[in-house]
Amino acid sequence: MTAVVQRPLKGSRRSHFYPDKSLPSLSSLDSAFQLQEYISLLIRLDVHDVEAIVSEGEKESKNDFAVDKACWIYEQLRRLAQDLSYPLITLLQQECTRTTCPEMKAGEWQYLCVAHGTDGAMEQCCAIDYILHTIDSATGLLNSPRAFPSRISIPSASHRHFNSLARRLSRIFAHAYFHHREVFEQAEADSSLYARFLALIDKFDLVPREFLVIP
């Protein structure tokens with residue numbers, strides 16, 4: 001099978017970066033990180049088709065190209081943490097400050113930050129700092145060779161991190177929803193990121209619905 005290269009050529013104009021709008025098969029991608037690139041292609045094809053974005057790996061598995069479930073979840077969470085930065089967090093930083101949101105809350109819930117103190121002690125943190133610390137810690141964990149020694153084969157001992165990562169990321173959405181609703185809705189209209197997050201956690205049972213505070 002001929003390998004498909006979906007990368008912009010050096011010197012290309014941005015408008016010409018990705019002229020091919022079709023979706024190649026996963027097995028045709030000539031990349032060391034096929035799943036990462038495939039998810040990027042799915043998002044680029046239609047960022048609002050969240051079911052396709054989180055489920056396409058299952059379809060590929062049925063086409064004689066096995067997709068490891070744990071690797072698929074890992075790459076999805078990795079991309080979610082990356083996509084939270086823009087537009088949601090970028091927009092939040094314009095109005096979520098230490099003055100307007102001195103505590104990390106989501107409705108009646110308040111969350112303490114583990115980035116302060118020692119020996120895992122949790123302390124109160126303003127919302128925007130909590131959000132940035134959460135993204136930093138999630139990114140650090142996903143790139144930790146101790147927690148995830150390989151992106152090609154995720155050991156079973158690493159699976160426990162998926163649930164905690166999803167729970168922590170959900171708090172960012174929750175704060176935006178309850179305290180910056182206009183920003184949340186604007187970001188969601190642009191990216192459908194929370195819809196993608198919900199589709200992912202529902203499909204792979206990452207977070208029980210009763211733990212999600214957004215109605």
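This text walks through a predicted model of one protein chain, from its overall makeup to selected helices, rings and residues.

The protein chain has eight helices and two strands. Read from the N terminus, the order of the elements is α-α-α-α-β-β-α-α-α-α. Of the 215 residues in the protein chain, 46% are buried. Among contacts in the protein chain with a separation of 6 or more, 66% are between residues 24 or more positions apart.

A useful place to begin is helix H4, which covers residues 85–92. The buried residues in H4 are Pro87, Leu88, Ile89, Leu91 and Leu92. These buried residues pack against four helices: H3 (69–83), H5 (127–142), H6 (160–179) and H7 (181–191). Pro87, which has its place in H4, follows a cis peptide bond: the bond from Tyr86 to Pro87 has an omega near 10 degrees.

One residue on the H7 side of this packing is Val183, found in helix H7. Val183 has a relative accessible area of 6% and is therefore buried, as this is under 20%. Leaving aside residues up to four places away in sequence, Val183 touches Leu88, Leu91, Leu92 and Glu95. Val183 and Ile89 are 94 residues apart in sequence, yet their C-alpha atoms are 9.2 Å apart in space.

The next step is to look at how helices pack in pairs. Two packed helices are described by the angle between their axes and the distance between the axes. For H5 and H6, the angle is about 155 degrees and the axes are 10 Å apart. That angle makes H5 roughly antiparallel to H6, because angles over 145 degrees count as such. The crossing of H5 and H6 is left-handed. On the H5 side, the contact is made by Ala127, Tyr130, Ile131, Thr134, Ile135, Ser137, Ala138, Leu141 and Leu142. On the H6 side, His161, Leu165, Arg168, Leu169, Arg171, Ile172 and His175 take part. By class, the residues of this contact of H5 with H6 are ten nonpolar, four polar and two charged.

A second pair is H3 and H8. Here the angle is about 160 degrees, and the axes lie 11 Å apart. H3 and H8 are therefore roughly antiparallel to each other. H3 passes H8 in a left-handed crossing. From H3, the residues in contact are Lys69, Trp72, Ile73, Gln76, Leu77, Arg79, Leu80 and Asp83. They meet Leu193, Arg196, Phe197, Leu200 and Phe204 in H8. The contact of H3 with H8 has eight nonpolar residues, one polar residue and four charged residues.

Phe197, one of the H8 residues that meet H3, also leads to the aromatic rings. The whole structure contains nine aromatic pairs. In the pair of Phe173 and Phe197, the ring centres are 5.3 Å apart and the planes are at 35 degrees, so the pair is tilted. Phe173 lies in helix H6 and Phe197 in helix H8 (residues 193–204), so this pair ties together parts that are 24 residues apart in sequence. Both Phe173 and Phe197 are buried. Another aromatic pair, Tyr177 and Phe178, is edge-to-face, with 5.1 Å from centre to centre and 85 degrees between the planes. Tyr177 counts as buried at 15% relative accessibility, whereas Phe178, at 32%, counts as partly exposed. Phe173, Tyr177, Phe178, Phe184, Tyr194 and Phe197 form one aromatic cluster.

Two residues around H8 have backbone angles to point out. Ser192 is found in the loop between H7 and H8. Ser192 has a positive phi of about 50 degrees although it is not a glycine. With a relative accessible area of 11%, Ser192 is buried. Asp205 lies in the segment after H8. The phi of Asp205 is near 50 degrees, again a positive value in a residue other than glycine. Is Asp205 buried or exposed? At 63% relative accessibility, Asp205 counts as exposed. Asp205 and Asn163 are 42 residues apart in sequence, and their C-alpha atoms are 8.5 Å apart in space.

Methods
Residues numbered from 1 in each chain as written. Predicted model: local features only at pLDDT ≥ 70, side-chain atom pairs only at ≥ 80, totals over all residues. Heavy atoms only, no water. Buried < 20%, exposed > 50% of the residue type's maximum accessible area, 1.4 Å probe, protein only. Contact = heavy atoms within 4.5 Å. Axes fitted to C-alpha atoms, helices over the stretch in contact; angles between N-to-C directions. Parallel < 35°, antiparallel > 145°, perpendicular 65-115°, else oblique. Left-handed = near helix turned anticlockwise from the far one by under 90°. Nonpolar A, V, L, I, M, F, W, Y, C, P; charged D, E, K, R; others polar. Phe/Tyr/Trp six-rings, centres within 6.5 Å; stacked < 30°, edge-to-face > 60°.
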